[in-house]
Amino acid sequence: MTKPTTRRALMAGAAATGVLAALPISATAATRHEIEIRDFKFIPATLTVKPGDTIRWRNRDRAPHDATAKDKSWKIKTLRPGKRADITVTAGMTTEYYCSFHPAMKASLTIVS
Ligand SMILES: [Cu+2]
């Protein structure tokens, strides 16, 4: 009866070690960033992100806006005032973007790995 208990204890210990070993990986896990749209500006206008991160644009303006890649390779839906939309960062995605309703509104991302 003692032996199985010991084995179970060892296995529990191994499982705990496995969890600890995984911690450094989860420490670099995805981050959620937020970009506010206000006064016809993306705030911040430059943002450093990494693949797997989520970017949320929130429209705190009175006009509808969106975020569209300079080469149109990605785009969030049109955001009416008070609305938000998310995208997940992928390596190599286009980093310069603008608002398709107001092309003078420009911003960019810096992707690091
Ligand atoms: Cu706009």
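## First sheet

In this predicted model, 4 strands make up an open sheet whose order is S2-S1-S4-S6, and the pairing within that sheet is mixed. Its edges are formed by strand S2, covering residues 41–43, and by strand S6, covering residues 84–88, each of which pairs on one side only. From one strand to the next, the twist averages 25 degrees.

Strand S1, which spans residues 32–38, runs antiparallel to S2 and is joined to S2 by 3 bridges. The register of this pair can be read from Arg 38, whose bridge partner in S2 is Lys 41.

## Second sheet

Another open sheet of 4 strands follows the order S3-S8-S7-S5, and here too the pairing is mixed. The edge positions belong to strand S3 (46–49) and strand S5 (68–69), each pairing on one side only.

Strand S8, made of residues 106–111, has pairings of both senses in this sheet. With S3 the pairing is parallel and extends over 4 bridges, and within it Thr 48 has Thr 110 of S8 as its bridge partner. With strand S7, residues 96–98, the arrangement is antiparallel and rests on 3 bridges, among them the one that links Tyr 97 to Ala 107 of S8.

## Nonpolar core

The largest nonpolar core of the model comprises 9 residues, namely Ile 37, Phe 42, Trp 57, Ala 67, Leu 79, Tyr 97, Cys 99, Met 105 and Ala 107. In soluble globular proteins, nonpolar side chains tend to be buried together. The bridge partners Tyr 97 and Ala 107 are both members of this core, so that a pairing between S7 and S8 also involves core residues.

Which residues does Phe 42 touch, not counting residues up to four places away in sequence? The contacts of Phe 42 under that condition are Ile 35, Ile 37, Met 105 and Ala 107. Of these contacts, Ile 37, Met 105 and Ala 107 are listed in the core together with Phe 42.

## Confidence

Averaged over the chain, pLDDT is 86, and 76% of the residues reach 70 or more. Where does pLDDT stay under 50? This is the case over residues 9–17, a stretch for which the model has 0 contacts beyond four places in sequence.

Definitions and conventions:
Residues numbered from 1 in each chain as written. Predicted model: local features only at pLDDT ≥ 70, side-chain atom pairs only at ≥ 80, totals over all residues. Pairing = 2+ DSSP bridges. Helix = DSSP H or I, 4+ residues; strand = E, 2+ residues; numbered from the N terminus. Axes fitted to C-alpha atoms, helices over the stretch in contact; angles between N-to-C directions. Core = buried A, V, L, I, M, F, W, Y, C linked by C-beta atoms within 7 Å. Buried ≥ 20, exposed ≤ 12 C-beta atoms within 10 Å, placed from the backbone. Contact = placed C-beta atoms within 7 Å. pLDDT = per-residue confidence, 0-100.
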